[in-house]
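Q: I am new to this structure and would like a close look at a single part of it, the open and enclosed spaces and the residues around them. Please take me through that part slowly, in one connected account.

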Amino acid sequence: MIQYGHFIGGKHVKGKSGRTADVFQPLDGTVRAKVALASKAELAEAVANAKAAQPAWAATNPQRRVRVLMKFLELVARDNDELAEILAREHGKTLPDAKGDILRGVEVVEFAIGIPHLMKGEFTEGAGPGIDLFSMRQPLGVVAGITPFNFPAMIPMWKFAPAIACGNAFILKPSERDPGVPMRLAELMLEAGLPAGVLNVVNGDKEAVDAILDHHDISAVGFVGSSNIAQYIYERAAQTGKRCQCFGGAKNHMIIMPDADMDQTVDALIGAGYGAAGERCMAVSVAVPVGKGTADTLMEKLVPRVENLKIGPSTEPSADFGPLVTAAALERVKNYVEIGIKEGATLAVDGRGFKMQGYENGFYMGGCLFDNVTADMRIYKEEIFGPVLSVVRAHDFDEAVRLPSEHEYGNGVAIFTRDGDAAREFASRVHVGMVGINVPIPVPVSYYTFGGWKRSGFGDLNQYGPDSVRFYTKTKTVTSRWPSGVKEGAEFAMPTMK
Ligand code: NAD
């Protein structure tokens, strides 16, 4: 059985708290590993290592810092198959999807290699007599990232690559459900030349998270996970004066206009709704056909596609999706299907009875499809995070704009149409952070930024892209006067530029 401890000061260390959690292999339901759950003291040890390593790292010139990331990219490419295998076994997603998870993280590392350019300050010559001003961006010190189970490669890289490129030391607290890939990434950063202590991985649960939030030597926390925890972390981190950005859950709508190319739309919808068993924060979980004719055509084409989804073990490359992450997650999703039936939605496809031959103890279910879902139902309001798609029939365009705009989540949204005017108006009016036009999962490229609105994002800066440099650095502004010998006499009024 694999034992995961922590990665502190460039070394694997065993857990000392005496508490552990099981890491499952969802494809067959077995326990693959035990992961240590850190105590407050173990977290403090990681912070002490990070704090000791950070000043020298910050003093290393920016170009040399990002050379470590360049080498890291080579190592991730070298070990790509191994990383994808660990990821698929601990998460449950298929191997091609696991490679996508790694690649979307790699893209942010590539972005971070250009960070020296974004850390340049500003300069004004002659702002007053003999007075010049300049600003500089300096790292915060020790910063932390708390990440979810559903992207165990991508989201840790989104967090630590920009932070480390900016000269910070980093504490990563990955999900306790699939810690294998984050641990390997930390090893690869060390192999790439990162000094020991600059990147530490502390495994754990609420106890480790609370220790991060309360630790006075941690200057900033970036979180990704469910919304209630996001809000809790945002509030508690603020109590010790930390900079904080927390990204939460989602209910992403796809609007289908009557003029949409229906075959293209159904292809996009089925992939975005059921890929990764719906365990993506940008998964489409609500389809909104506009007009009865559109809805009827959509259902006619969608039902057979959902019925014929190919579910398979994560190691089967031709599967559309694999098992859910844990038995508890499976139970929770099935329970939502029950709730939907009781609420009066029409269950057009019921995948609850699916059993994977030869893997009967794996956490599998088939795709489920609800029609006639309405905005007052729990299955519409709450995040299900499984292979369950709800169809909400809208009468007109205005209703289609209102639905995602009034939903408490505001992560992603998409519109499928051939009408540029409607698409443009939709993108402008909708109250959601990331919009796709004929693109079902509009995760922006790495040199833009990623972030949802409303209960999908707490804090004012997004992840990756230029916002990550703003988040992981603080600005210092220097006002200087040369020659210092200019004599103006003592001045008691507030100094102004004369
Ligand atoms: P989660 O909220 O259960 O866990 C996220 C992290 O918080 C983990 O590291 C976990 O150990 C920690 N945690 C859990 N309970 C805690 C508690 N009570 N106190 C303190 N810390 C706690 O989320 P998850 O199930 O791992 O991930 C799925 C969720 O993440 C979904 O809601 C999904 O939409 C969301 N997500 C959002 C984004 C985004 O960018 N908005 C991206 C990916 C996933």
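A: In this predicted model, the largest pocket is lined by 32 residues, and those that lie nearest its centre are Pro-148, Arg-177, Gly-225, Ser-226 and Ile-229. The space in this pocket comes to about 760 Å³. Its lining divides into 16 nonpolar, eight polar and eight charged residues. At least two residues of that lining are supplied by each of four elements, namely the helices α8 (206–214), α9 (227–239) and α12 (327–343) and the strand β11 (218–224).

Besides the open pocket there are enclosed spaces, and a search of the whole structure finds four cavities of 30 Å³ or more. The largest cavity holds about 100 Å³ of space, and of the 15 residues that line this cavity, Gly-278, Arg-280, Ala-283, Ser-285 and Phe-385 are the closest to its centre. Sorted by character, the lining of the largest cavity consists of seven nonpolar, five polar and three charged residues.

Arg-280, one of the residues closest to the centre of that cavity, deserves a longer look. Arg-280 sits in the loop between α10 and β14, and it counts as buried because its relative accessible area is 16%, under the 20% that marks the limit for buried residues. Once its neighbours within four places in sequence are left aside, Arg-280 is in contact with Asp-97, Asn-150, Phe-151, Gly-271, Gly-275, Phe-385 and Ile-441. Phe-385 thus appears in two roles, as a contact of Arg-280 and as one of the residues closest to the centre of the largest cavity.

The two elements that flank the loop of Arg-280, α10 and β14, also turn up around another helix, α11. What covers the buried residues of α11 includes α10 (262–274) and β14 (284–289), together with β13 (252–256), β15 (346–349), β16 (368–371) and β17 (388–391). The residues of α11 that are buried in this way are Thr-294, Ala-295, Leu-298, Met-299, Leu-302, Val-303 and Val-306. Helix α11 itself runs over residues 292–307, has 16 residues, and reaches 22 Å from its first C-alpha to its last, close to the 22 Å expected at 1.5 Å a residue. As background to the spacing of the buried positions, an α-helix has 3.6 residues a turn, so residues three or four places apart point the same way.

The second largest cavity has a volume of about 50 Å³, and its lining is made by Ile-155, Trp-158, Val-224, Phe-247, Gly-248, Cys-281, Asn-411, Phe-450, Ser-456 and Gln-463. Six of these lining residues are nonpolar and four are polar, with no charged residue among them.

The cysteines can be considered last. The count of disulfides comes to zero, taking a disulfide as a pair of cysteine sulfur atoms within 2.5 Å. Cys-244 is in no disulfide, and the nearest cysteine sulfur to it, that of Cys-246, is 3.5 Å away. Cys-246 is likewise in no disulfide, with the sulfur of Cys-244 as its nearest cysteine sulfur. Both residues are classed as buried: Cys-244 because its relative accessible area is 10%, and Cys-246 because its relative accessible area is 0%.

Key: Residues numbered from 1 in each chain as written. Predicted model: local features only at pLDDT ≥ 70, side-chain atom pairs only at ≥ 80, totals over all residues. Heavy atoms only, no water. Expected span 1.5 Å × (residues − 1). Buried < 20%, exposed > 50% of the residue type's maximum accessible area, 1.4 Å probe, protein only. Contact = heavy atoms within 4.5 Å. 1 Å grid on protein atoms, 1.4 Å probe; cavity = no way out; pocket = protein on both sides within 12 Å on 5 of 7 lines; lining within 4 Å. Points joined across faces, edges and corners; volume = space filled by probe spheres on them. Nonpolar A, V, L, I, M, F, W, Y, C, P; charged D, E, K, R; others polar.
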